[in-house]
Amino acid sequence: MHLQEKTIGSETTYLGKVFYVTKDTARLEDGKAVQRDVVHHSGGVCVVPLTEKGTVLMVKQFRYPMQQVTLEVPAGKLEKGEDPADCGKRELREEAGRTCGKYTSLGKLFPTPAYDTEVIHMYLAQELSAPEEQELDTGELLDVTELPLEEAVQMVMNNEIPDAKTQIALLKTWVLLHKGE
């Protein structure tokens with residue numbers, strides 16, 4: 001079939017806690033064999049917690065690979081077999097100390113489809129509960145901050161929020177809330 005590649009061999013080259021890597025051999029439509037390195041990841045979820053006053057709860061945390069503190073919407077890794085919506089609600093409770101009465105899917109995204117199987121599911125959480133204590137994972141340190149949605153969107157447009165999932169989820173939220181204007 002046109003633009004299809006068939007896997008004809010696969011070897012695991014790295015097995016880690018969060019992902020594993022395979023060196024695959026794929027057959028192209030013209031019959032040639034090529035090597036494809038693939039990072040296999042269980043996927044994740046991110047949530048835009050929107051308060052009734054139009055602010056967004058975001059988290060600041062140190063991201064080791066980038067060697068800097070980032071500003072992101074709450075997010076986390078899917079556990080094996082976990083429903084993405086349930087994962088997002090869990091992450092909202094763990095990272096922001098909130099639950100929600102209204103939960104809307106914003107779709108999914110492929111952060112790096114050239115070499116990674118990760119899929120991130122995005123949600124908008126509204127009708128938030130009063131703040132409760134965070135339930136952070138071991139080794140997870142983060143601060144919750146609150147910004148007007150409009151300011152967070154402007155930060156995305158000013159290149160002040162480099163995290164892809166946060167950019168896309170905030171912009172989709174903005175469009176969803178303003179599509180009738």
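Let's call a residue buried under 20% relative accessible area, exposed over 50% and partly exposed in between (1.4 Å probe, protein chains only). The model here is predicted, so local features need pLDDT of at least 70 and side-chain atom pairs count only at pLDDT 80 or more, while totals for chains, interfaces and linings use all residues. Residues are numbered from 1 along each chain as its sequence is written, and side-chain values use heavy atoms, with hydrogens and water left out.

**Exercise 1. Work out whether E133 is buried or exposed, and find what it touches.**

Step 1: place E133. It sits in the loop between β9 (120–128) and β10; strands are DSSP runs of E, at least two residues, and helices are runs of H or I, at least four, both numbered from the N terminus.

Step 2: check the area. E133 has a relative accessible area of 72%, so it is exposed.

Step 3: look for contacts (heavy atoms within 4.5 Å). Leaving out residues up to four places away in sequence, E133 touches R93 and G97. R93 is 40 residues away along the chain, and the two C-alpha atoms are separated by 8.6 Å.

**Exercise 2. Explain why C46 and C87 form no disulfide.**

Step 1: recall the cut-off. A disulfide is a pair of cysteine sulfur atoms within 2.5 Å.

Step 2: compare. The closest cysteine sulfur to that of C46 belongs to C87 and is 10 Å off, so that's too far for a bond. The structure ends up with zero disulfides.

Step 3: add the surroundings. C46 is buried at 0% relative accessible area, and C87 counts as buried at 0% too.

**Exercise 3. Sort out the faces of helix α2 (residues 149–157).**

Step 1: list the buried residues, which are L149, A152, V153, M155 and V156.

Step 2: look down the axis. These buried residues fall within an arc of 155°, so they line one face of the helix; the arc is taken over directions from the helix axis to the C-beta atoms.

Step 3: turn the helix round. The face away from the buried side carries exposed E150 and M157.

Step 4: find the cover. Over the buried residues lie, among others, β5 (55–63), β6 (68–72), β10 (143–148) and α3 (164–178).

Step 5: step off the end. N159 follows α2 and has a positive phi, near 60°.
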